[in-house]
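Subject: Structure handover and notes

Dear colleague,

I am passing on the structure we spoke about, with the sequence alongside. Please open it first, and then read the notes below with the model in view.

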Amino acid sequence: MSGRPGSNEAAPYYFRYIDRIPSEDILGVLETQRKETLSFFAGISEEKSLHRYGPDKWSIRQVVGHVNDCERLFVSRAFWFARGFDTPLPSFDQEVATPMARADEVPWSKNVQEFDGIRQTTLDFFRSLPADAWMRSGIASDNPFTVRALAYITAGHASHHIAILREKYL
């Protein structure tokens with residue numbers, strides 16, 4: 001796998017995440033991001049993890065739960081397309097998923113542990129892909145995606161939310 005996703009590999013909306021990743025080494029980015037994010041999370045206390053910067057905003061735990069859910073989603077889409085399935089996949093509604101996850105009821109350490117486990121599984125999946133699988137594609141949420149674009153979206157989405165945590169929560 002080489003190169004960054006082209007404009008035809010995902011809907012324009014998703015380039016807000018893809019464009020956050022300047023490197024062509026997406027596996028290296030995902031691994032580095034894992035380590036840096038775990039270090040960042042280590043500086044957040046149980047109490048602080050329940051902080052919201054506004055009355056209608058998610059808590060830090062909910063943001064991390066959302067990142068975890070979306071990483072699962074992006075990788076499941078990548079799996080589907082990489083394995084050659086061509087049935088379109090449904091949409092995902094974060095406004096339904098996030099409250100149902102009840103992240104605020106889960107200890108902060110478990111939210112962090114979950115991020116680490118999901119990211120390790122993400123890395124294992126993408127590292128095991130045959131070269132030709134990276135450019136396989138399919139439709140999800142009525143949008144086209146390649147497997148390569150989904151790897152970049154995974155990293156870029158996490159980067160986006162970590163930046164929000166740094167800027168607005170801490």
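A term is needed before the notes begin: a polar contact here is a pair of N or O atoms within 3.5 Å, of which, within protein, one must be able to donate a hydrogen and the other to accept it. Please also keep in mind throughout that this is a predicted model.

With that term in hand, Gln33 is a convenient place to start. Gln33 is found in helix H2, and its side chain makes a polar contact with the side chain of Arg119, at 2.8 Å. Leaving aside neighbours within four places in sequence, Gln33 is in contact not just with Arg119 but also with Ala155, Ala158 and Ser159. Because its relative accessibility is 9%, and buried means under 20%, Gln33 counts as buried.

Gln33 also leads to one of the pockets, since it belongs to the lining of the second largest pocket, together with Val29, Thr32, Glu36, Thr37, Ser159, Ile162 and Arg166. Helices H2 (26–42) and H6 are the elements that give two or more residues to that lining, and H2 provides the largest share of it, five residues. The volume of the second largest pocket is about 150 Å³, and its lining is made up, by class, of two nonpolar, four polar and two charged residues.

The largest pocket has a volume of about 520 Å³. It is lined by 24 residues, of which Tyr17, Trp58, His66, Gln94 and His161 are the closest to its centre. Four helices each supply at least two residues of this lining, namely H1 (15–18), H3 (60–82), H4 (94–101) and H6 (147–169). By class, the lining of the largest pocket divides into 12 nonpolar, six polar and six charged residues.

Two of the residues close to that centre, Trp58 and His66, appear again among the contacts of Thr98, which, leaving aside neighbours within four places in sequence, touches Trp58, Gln62 and His66. Thr98 is found in helix H4, and at 5% relative accessibility it counts as buried.

Turning to the interior, it may help to recall that in soluble globular proteins nonpolar side chains tend to be buried together. In this model the largest nonpolar core has 33 residues, and the members that touch the most other members are Ala10, Ile26, Phe126, Leu129, Phe145, Val147 and Ile153. Helices H1, H2, H3, H5 (108–127) and H6 each supply at least two residues of this core. A second, separate core has 15 residues, among them Phe40, Ile44, Val112 and Ile162; the last of these, Ile162, is also one of the residues lining the second largest pocket.

Val147 is worth selecting on screen. Not counting residues up to four places away in sequence, Val147 touches Ala78, Phe81, Ala82, Phe126, Leu129, Ala133, Trp134 and Arg136, and within that list Phe126 and Leu129 are, like Val147, among the members of the largest core that touch the most others.

What does Thr122 touch, once residues up to four places away in sequence are not counted? The residues concerned are Leu30, Glu71, Val75 and Thr154. Thr122 has its place in helix H5 and is buried, with a relative accessible area of 2%. Thr122 and Asn143 are 21 residues apart in sequence and 22 Å apart in space, C-alpha to C-alpha. For Leu73 and Tyr152 the separation is 79 residues in sequence and 13 Å in space, again C-alpha to C-alpha; Leu73 is placed in helix H3 and is buried, with a relative accessible area of 17%.

Finally, please look at the loop between strand E1 (137–140) and strand E2 (143–146), where Ser141 lies; Asp142 is in the loop between E1 and E2 as well. Although Ser141 is not a glycine, it has a positive phi of about 50°, and Asp142, which is not a glycine either, has a positive phi of about 65°. Are these residues buried or exposed? Ser141 is buried, with a relative accessible area of 15%, whereas Asp142, at 74% relative accessibility, counts as exposed.

With best wishes

Terms used. Residues numbered from 1 in each chain as written. Predicted model: local features only at pLDDT ≥ 70, side-chain atom pairs only at ≥ 80, totals over all residues. Heavy atoms only, no water. 1 Å grid on protein atoms, 1.4 Å probe; cavity = no way out; pocket = protein on both sides within 12 Å on 5 of 7 lines; lining within 4 Å. Points joined across faces, edges and corners; volume = space filled by probe spheres on them. Nonpolar A, V, L, I, M, F, W, Y, C, P; charged D, E, K, R; others polar. Core = buried A, V, L, I, M, F, W, Y, C linked by side-chain atoms within 4.5 Å. Buried < 20%, exposed > 50% of the residue type's maximum accessible area, 1.4 Å probe, protein only. Contact = heavy atoms within 4.5 Å.
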